[in-house]
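Please walk through the packing of helices and the nonpolar cores in the model shown here.

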Amino acid sequence: IIAALLQVVGLLYSKSNWDYITLFILAGGVTGAYISGSYFHPHTEGLTSSASEILERHELFALLTLYSSITELLLKTVGMFIFKGSKRIFEIITALILLFSAVSVSIAGHWGAYLTHIEGVGPQGKYIESSNHSHN
């Protein structure tokens with residue numbers, strides 16, 4: 001969300017150069033999203049049908065956020081370092097996709113909070129897969 005705001009500020013005030021800060025924040029966001037989704041997101045078991053449906057929504061928006069963020073990172077990098085002459089178009093496209101990601105991460109967060117606070121997934125280990133199960 002911060003990267004999206006900085007990208008828009010950079011577009012509006014072309015004399016200011018927010019590129020490196022935006023790129024750094026964007027790279028950190030992509031890395032954090034990948035690590036949290038791949039290594040720290042708990043696995044669930046025994047969910048109600050309602051909770052399963054909400055989890056699917058949460059995961060959909062989380063994936064949309066991750067893929068759009070990776071796309072943004074590539075566009076930002078290409079615009080900054082490879083196609084410097086066409087940089088403005090890369091900046092505009094990156095801003096639009098960043099705004100999409102800001103919305104999708106917010107929606108993913110909403111559904112994640114819904115799982116925890118409404119469906120009860122997570123508190124006291126409820127519906128969280130125990131580490132004692134063996135996996136093939």
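In this predicted model, helix 1 (residues 2-12) and helix 2 (residues 19-40) have axes that come within 9 Å and cross at roughly 160°. Because angles over 145 degrees count as roughly antiparallel, helix 1 is roughly antiparallel to helix 2. The crossing of helix 1 and helix 2 is left-handed.

The residues that form this contact can be named on both sides. Helix 1 contributes Ile 2, Ala 3, Leu 6 and Gln 7, which meet Ile 21, Thr 22, Ile 25 and Leu 26 of helix 2. Sorted by class, the contact of helix 1 with helix 2 has six nonpolar residues, two polar residues and no charged ones.

The next topic is the nonpolar cores. In soluble globular proteins, nonpolar side chains tend to be buried together. The largest nonpolar core in this model has seven residues in all: Leu 47, Ala 51, Ile 54, Leu 55, Trp 111, Leu 115 and Val 121. Two elements, helix 3 (49-81) and helix 4 (87-117), give two or more residues to this core. Helix 3 gives the most, with three residues.

Ile 54, one of the residues of the largest core, is in contact with Trp 111, Tyr 114 and Leu 115 when its neighbours within four places in sequence are left aside. Of these partners, Trp 111 and Leu 115 are listed in the largest core.

There is also a second, separate core, made up of six residues, among them Ala 4, Leu 26, Leu 98 and Ala 102. Leu 26 has already appeared above, as one of the helix 2 residues that meet helix 1.

Definitions and conventions: Residues are numbered from 1 along each chain as its sequence is written. This is a predicted model: local features need pLDDT of at least 70, side-chain atom pairs count only at pLDDT 80 or more; totals for chains, interfaces and linings use all residues. Side-chain values use heavy atoms; hydrogens and water are left out. Axes are lines fitted to C-alpha atoms, for helices over the stretch in contact, and angles run from 0 to 180 degrees between N-to-C directions. Helices (H or I, at least four residues) and strands (E, at least two) are DSSP runs, numbered from the N terminus. Angles under 35 degrees count as roughly parallel, over 145 as roughly antiparallel, 65 to 115 as roughly perpendicular and the rest as oblique. A crossing is left-handed if the near helix is turned anticlockwise from the far one by less than a right angle, and right-handed if clockwise. Contact means heavy atoms within 4.5 Å. Ala, Val, Leu, Ile, Met, Phe, Trp, Tyr, Cys and Pro count as nonpolar, Asp, Glu, Lys and Arg as charged, and the others, Gly among them, as polar. A nonpolar core is a set of buried Ala, Val, Leu, Ile, Met, Phe, Trp, Tyr and Cys residues joined through side-chain atoms within 4.5 Å. Buried means under 20% relative accessible area, exposed over 50%, partly exposed in between (1.4 Å probe, protein chains only).
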